[in-house]
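Welcome! Here are a few short exercises to help you find your way around a new structure. Keep the view open and try each task before reading its solution.

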Amino acid sequence: MAKRDTTQKIVTGSPGSGLDTLLKATKDAAKAGGLPPVHLWNPPFCGDIDMEIRRDGTWFHEGTPIGRAPLVRLFSTILKREGDRYFLVTPVEKVGIRVEDAPFVAQDFTVTEDGRGPAQIVTFTTNVGDSVAAGPENPIRVMRDERGEPSPYVHVRAGLEALIDRKSFYRLVDIGEAHRVDGEDWFGLWSGGAFFRFIPVRELTG
């Protein structure tokens, strides 16, 4: 009996699905300045490539970490989310990749000095060089697992989020405050005129 092949099948719909071709297309798009307009691109799907973004923000290609920060930055600019799936998109092709949690990690933040409360603005920086001010268009959300451990995220762009690292979340807690929302007292954070809920106050005092 022939041995069953259980290895992962990586579909390559065109010769352009290789890493080198993706890199060239990404560099070409970046020459225009700013972020490529991936929301305007609707190329054919060319299959999945063996690329994964781990929870700590490390990018892997064929099981090997991509150690060149400029290369990771380039790929991050053509990342697109559709539903629960993630793709690298160029004007001529779209390839699927795996994302373990969120595609980015928020590693640090700054806070405006003009007081606490609604006037406060918290601006995050990510592992791939993005800068994003939390507010109504870029909300913070906190998910809690069955043990109550929090996983905080901030929206970066077009459905792409950054996992806020632990040290930064501890700092956010230090500047957080209580606020009443929908008849319940919550502990959370103000930024850009919006209040983001972390945990009910009763759970802190109970």
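## Exercise 1: The surroundings of Pro200

Beyond its neighbours within four places in sequence, Pro200 makes contact with Arg144, Glu184, Asp185 and Trp186. Keep in mind that this is a predicted model.

**Task.** Find the strand that holds Pro200, and decide whether Pro200 is buried or exposed.

**Solution.**
- Step 1. Locate strand S15, which spans residues 194-200; Pro200 belongs to this strand.
- Step 2. Look at the accessible area: the relative value for Pro200 is 5%. Buried means under 20%, so Pro200 counts as buried.
- Step 3. Pick one of the contacts, Glu184. Along the chain, Pro200 and Glu184 are 16 residues apart, yet 7.4 Å separates their C-alpha atoms.
- Step 4. Step back to the whole chain. Of its 206 residues, 44% count as buried.

## Exercise 2: A hairpin and two positive phi angles

**Task.** Work out how strands S13 and S14 pair, and which residue of their hairpin takes a positive phi.

**Solution.**
- Step 1. Find S13 at residues 177-181 and S14 at residues 184-191; five bridges join them in the antiparallel sense.
- Step 2. Follow one bridge: Val181 has Glu184 in S14 as its partner.
- Step 3. Two residues lie between the strands of this hairpin, and Asp182 has a positive phi near 50°.
- Step 4. Recall the usual pattern: most residues other than glycine have a negative phi.
- Step 5. Check the accessibility. Asp182 has a relative accessible area of 73% and is therefore exposed.
- Step 6. Now visit Ala158, in the loop between S11 and S12. Ala158 is not a glycine either, and its phi is positive, at about 45°. With 66% relative accessibility, Ala158 is also exposed.

## Exercise 3: Reading an open sheet

**Task.** In what order do the six strands of the open sheet stand, and which strands are at its edges?

**Solution.**
- Step 1. Walk across the sheet: the order is S3-S2-S1-S6-S5-S4, with mixed pairing.
- Step 2. Look at the two ends. S3 (64-65) and S4 (79-82) each have a single partner strand, so one side of each has no neighbour in the sheet.
- Step 3. Zoom in on one pair. S1 (residues 45-53) and S2 (residues 59-61) run antiparallel and are joined by three bridges. Glu52 stands opposite Phe60 in S2.
- Step 4. Add the helix: H2 (residues 69-76) lies across S1, S2, S4 and S5, and runs at about 95° to S2.

## Exercise 4: Two pockets

**Task.** Describe the lining of the largest pocket, then that of the second largest pocket.

**Solution.**
- Step 1. Start with the space: the largest pocket holds about 270 Å³, and the second largest about 180 Å³.
- Step 2. In the largest pocket, 14 residues form the lining, and Arg55, Pro150, Ile164, Asp165 and Arg166 lie nearest the centre.
- Step 3. Trace where the lining comes from: S7, S11, S12 and H3 each supply at least two residues.
- Step 4. Sort the lining of the largest pocket by type: seven residues are nonpolar, two polar and five charged.
- Step 5. Turn to the second largest pocket, whose lining includes His39, Thr77, Arg157 and Ala158. S4 gives the largest share of this lining, three residues.
- Step 6. Sort again: the lining of the second largest pocket has six nonpolar, two polar and three charged residues.

How values were computed:
Residues are numbered from 1 along each chain as its sequence is written. This is a predicted model: local features need pLDDT of at least 70, side-chain atom pairs count only at pLDDT 80 or more; totals for chains, interfaces and linings use all residues. Side-chain values use heavy atoms; hydrogens and water are left out. Two strands pair if DSSP finds at least two bridges between them. Helices (H or I, at least four residues) and strands (E, at least two) are DSSP runs, numbered from the N terminus. Contact means heavy atoms within 4.5 Å. Axes are lines fitted to C-alpha atoms, for helices over the stretch in contact, and angles run from 0 to 180 degrees between N-to-C directions. On a 1 Å grid over the protein atoms alone, a cavity is a set of points where a 1.4 Å probe fits but cannot get out, and a pocket is an open set with protein on both sides within 12 Å along at least five of seven lines; lining residues have an atom within 4 Å of a point. Grid points are joined across faces, edges and corners, and a volume is the space filled by probe spheres set on the points. Ala, Val, Leu, Ile, Met, Phe, Trp, Tyr, Cys and Pro count as nonpolar, Asp, Glu, Lys and Arg as charged, and the others, Gly among them, as polar. Buried means under 20% relative accessible area, exposed over 50%, partly exposed in between (1.4 Å probe, protein chains only).
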